[in-house]
Amino acid sequence: MSKQKLNKQQKNRIFKLQNSIVNNYKATNLNHGLVINHFGEFIELIKTDSDRNILSQKKIRCHLRGKITDIVCGDFVLWQDSIDDENNGVIEALLDRNSLLSRPRPYQDPKPVAANIDQIIIVISPVPEPITNLIDRFLIAAKDASINTAIIINKIDIFDNNRKQKEELKEIELLYISLGYKVFLYSSYKKIKENQNFLNILKNKTSILVGQSGVGKSSIINNLIKDEKSRVSNISSSNKKGCHTTTSTMLHQLDISGQQKKSAIIDSPGIREFGLWHLNKKNIIDGLPEFKEESLKCKFRDCNHEGSFGCALHEAIEKGKINPSRVRSYKHIMSSIKNKD
Ligand code: GDP
Ligand code: ZN
């Protein structure tokens with residue numbers, strides 16, 4: 001898919017045009033829709049009302065009008081019926097987003113991948129062993145995007161096979177709970193009572209799963225999706241890894257008992273891992289609550305937190321007030337963005 005870069009004037013013109021379409025949509029008889037699939041050249045959506053409630057499950061295949069770019073899964077749009085085919089349409093305008101999750105790329109602008117996400121669920125498991133640095137990176141990126149997070153420990157059905165793994169995971173669970181994060185236990189293999197707690201946090205929200213390959217993201221999604229046909233991937237037993245049959249991003253609706261609003265989960269290979277190239281030192285500290293708390297006590301507002309006089313954060317680290325695993329993450333991440341202020 002080639003993407004043409006627009007200059008400011010062109011962007012303004014499109015913005016004005018879209019606004020006028022949004023303002024006049026009643027007169028022009030446009031429909032509302034939620035983007036559930038993005039295949040590159042076309043988009044699949046389902047019809048909603050103007051309050052973003054889903055009206056029908058029928059998938060409408062839409063093309064994009066003119067220069068509307070960067071529509072992603074989870075977006076709400078205005079679209080027009082095709083005259084000759086009721087299963088086809090054209091997208092006329094993109095509606096406001098509550099949030100946008102983008103995948104940062106080195107030396108390029110971040111690539112938008114999913115919109116209107118309420119929460120990012122970080123999946124970890126006993127095997128492969130959790131990398132706390134990766135958890136911290138996700139937490140920082142999510143905080144920067146103003147999206148809530150929760151951590152889920154999957155595969156707890158194998159906990160009892162290995163005491164050491166169980167203890168390590170328990171330590172991680174307690175660490176993140178103590179920092180104020182929500183942590184849930186889950187098994188996509190077994191129906192255990194803990195699974196219900198995880199379902200409850202998915203209720204009425206649009207969520208996305210991120211995490212290392214092999215932790216069970218595809219299995220969790222497949223477990224949640226009742227309709228076999230929409231299952232997202234084939235689990236290859238030979239290499240014990242999920243292999244995605246598609247690289248597109250997909251929104252799956254979830255049917256959770258007691259939900260008032262449709263719950264959904266977005267599956268996207270594009271955001272299962274992401275870097276922090278786009279962030280600076282302050283963004284990093286803002287994404288680590290206990291570091292932020294200490295940094296607010298530094299004597300000077302422009303403190304560089306590198307051991308200068310009156311640096312409370314440096315002192316807290318030196319005195320062992322902050323968990324060593326988090327200090328390792330902090331130092332690692334800071335050194336990876338060294339050239340930024
Ligand atoms: P992904 O790469 O994160 O999408 O992970 P997959 O869903 O492909 O799962 C990786 C492997 O872990 C597969 O062999 C799954 O069968 C296995 N797996 C996933 N969830 C569980 C679970 O809850 N318990 C156990 N024991 N294995 C699981
Ligand atoms: Zn400082």
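How many helices and strands are there in the protein chain? There are 10 helices and 15 strands, where helices (H or I, at least four residues) and strands (E, at least two) are DSSP runs numbered from the N terminus.

This is a predicted model, in which local features need pLDDT of at least 70 and side-chain atom pairs count only at pLDDT 80 or more, while totals for chains, interfaces and linings use all residues. Residues are numbered from 1 along each chain as its sequence is written, chains are lettered from A and ligands numbered from 1 in the order in which they are written, and side-chain values use heavy atoms, with hydrogens and water left out.

Of the 341 residues in the protein chain, 47% count as buried, a term that means under 20% relative accessible area, with exposed meaning over 50% and partly exposed in between (1.4 Å probe, protein chains only).

The zinc ion (ligand 2) has as its protein donors Cys298 (SG), Cys303 (SG), His305 (ND1) and Cys311 (SG), at 2.1 to 2.4 Å; donors are N, O and S atoms within 2.8 Å of the metal (3.2 Å for Na, K and Ca). Angles of 100 to 119° among the 4 donor atoms make this site tetrahedral, a label for four donors with all angles between 85 and 135 degrees.

Three buried residues are listed below with their relative accessibility.

| Residue | Relative accessibility |
|---|---|
| Thr149 | 16% |
| Cys303 | 11% |
| Cys311 | 6% |

Thr149 belongs to strand 9 (residues 148-153), and its C-alpha atom is separated by 7.6 Å from that of Lys182, 33 residues apart along the chain.

Methods
Tetrahedral: all angles 85-135°; square planar, octahedral: opposite > 155°, others 65-115°.
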